[in-house]
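Reader: I should be grateful for a close look at one loop of this model and at the elements around it. Please state what the backbone and the neighbouring residues show, and then connect that part to the rest of the chain.

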Amino acid sequence: MKLKILVGTMTSTADYVAQSIQMDCADLVDEIEVLLMDGLDISVFDEDALYLICSSTYGSGDVPDNARGLYESLDAQPKYLGHVRYGVIALGDCTYAQTFCFGGKKFDERLQGLGAQRIGEVWLHDASAGTFPEELGTAWCREWLQNEAIPAMQKASA
Ligand SMILES: Cc1cc2nc3c(=O)[nH]c(=O)nc-3n(C[C@H](O)[C@H](O)[C@H](O)COP(=O)(O)O)c2cc1C
């Protein structure tokens, strides 16, 4: 099974999280691909893979600039994504109380609207907490893969 991590980022934190997962979780799946969202559109979901959206939040609760094309294509070129299983890592900052982690949450909402199935809960990271998102995000991802995502993918292909 392949894990495909799609990264929405402005100042690379989400990319560091994805790269840390790529190194640390290599023993759990056949392959881990990390893709910045720049230039992507809805066709990225055509592949038979497990997806992980890893996105920060900018503006007033918007997806980062490099994620906008992919996010908008989910509306502009909609298609049924019932075959897609995905998880979400949403990075934000609690000081933006009204829009905390909206970048990742917006992807989640739109993917569900197209029939894609989220595995597990959205994992949230608060930049103002003083914790390291690479460390915590990687630990979350290991558990998520072992306890939820891999069993769900095996069940779906059985
Ligand atoms: C200008 C600006 C606007 C932001 N807006 C939000 C926001 O609306 N909601 C939120 O939860 N976090 C917001 N953040 C926090 C970032 O999402 C957070 O720091 C994240 O870890 C950055 O990840 P990145 O380096 O991958 O872009 C904002 C940060 C900046 C600098």
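**The loop before helix H3**

Author: Cys101 lies in the loop that connects strand E4 to helix H3. The model is predicted, and what follows is to be read accordingly. Although Cys101 is not a glycine, its phi is positive, at about 60°. Cys101 counts as buried because it has 25 C-beta neighbours inside 10 Å, where the threshold is 20 or more.

A second residue with this backbone feature is Ser12, which is likewise not a glycine and has a positive phi of about 80°. Ser12 belongs to the loop between E1 and H1. Its surroundings are described by a lower count: Ser12 is partly exposed, since 13 other C-beta atoms lie within 10 Å. Thr11 is also placed in the loop between E1 and H1, and it is exposed because 10 other C-beta atoms are found within 10 Å.

The two elements that flank the loop of Cys101 may be taken in turn. Helix H3 contains Lys105, a residue that counts as buried because it has 20 C-beta neighbours inside 10 Å. Leaving aside residues up to four places away in sequence, Lys105 touches Ala90 and Val122. Lys105 and Glu135 are 30 residues apart in sequence, and their C-alpha atoms are 21 Å apart in space. H3 also receives helix H2, whose buried residues pack against H3. In H2, the buried residues are Leu70, Tyr71 and Leu74. They lie on the same side of H2 because the arc they cover around the axis is only 100°. Asp75 and Ala76, on the other side of H2, are exposed.

Strand E4, on the other flank of the loop, spans residues 85-92 and is among the elements against which the buried residues of H1 pack; the others are E1 (2-8), E2 (31-36), E3 (50-55) and helix H4 (133-157). Helix H1 itself covers residues 13-24, and its 12 residues reach 17 Å from first to last C-alpha, close to the 16 Å expected at 1.5 Å a residue. Ala14, Val17, Ala18 and Ile21 are the buried residues of H1. Their arc around the axis is only 95°, so they lie on the same side of H1.

E4 and H1 meet again at the ligand, where each of the two supplies at least two residues of the surrounding shell. Of the 21 residues around the ligand, those that come nearest are Thr11, Thr13, Ser56, Gly92 and Tyr96. Thr11 and Ser56 are 45 residues apart along the chain, with their C-alpha atoms separated by 9.1 Å. By class, the shell is made up of 10 nonpolar, 10 polar and 1 charged residues.

The wider setting is the nonpolar interior. In soluble globular proteins, nonpolar side chains tend to be buried together. Here the largest nonpolar core has 40 residues, and those with the most contacts inside it are Ile5, Tyr51, Leu52, Ile53, Cys54, Tyr86 and Ile89. Two or more residues of this core come from each of E1, H1, E3, H2 (68-76), E4, H3 (102-113) and H4; both elements joined by the loop of Cys101, E4 and H3, are therefore represented. Tyr51 illustrates the contacts: not counting residues up to four places away in sequence, it touches Lys4, Leu6, Phe45, Val84 and Tyr86.

Technical notes:
Residues numbered from 1 in each chain as written. Predicted model: local features only at pLDDT ≥ 70, side-chain atom pairs only at ≥ 80, totals over all residues. Helix = DSSP H or I, 4+ residues; strand = E, 2+ residues; numbered from the N terminus. Expected span 1.5 Å × (residues − 1). Buried ≥ 20, exposed ≤ 12 C-beta atoms within 10 Å, placed from the backbone. Arc of directions from axis to C-beta. Contact = placed C-beta atoms within 7 Å. Near = placed C-beta within 6 Å. Nonpolar A, V, L, I, M, F, W, Y, C, P; charged D, E, K, R; others polar. Core = buried A, V, L, I, M, F, W, Y, C linked by C-beta atoms within 7 Å.
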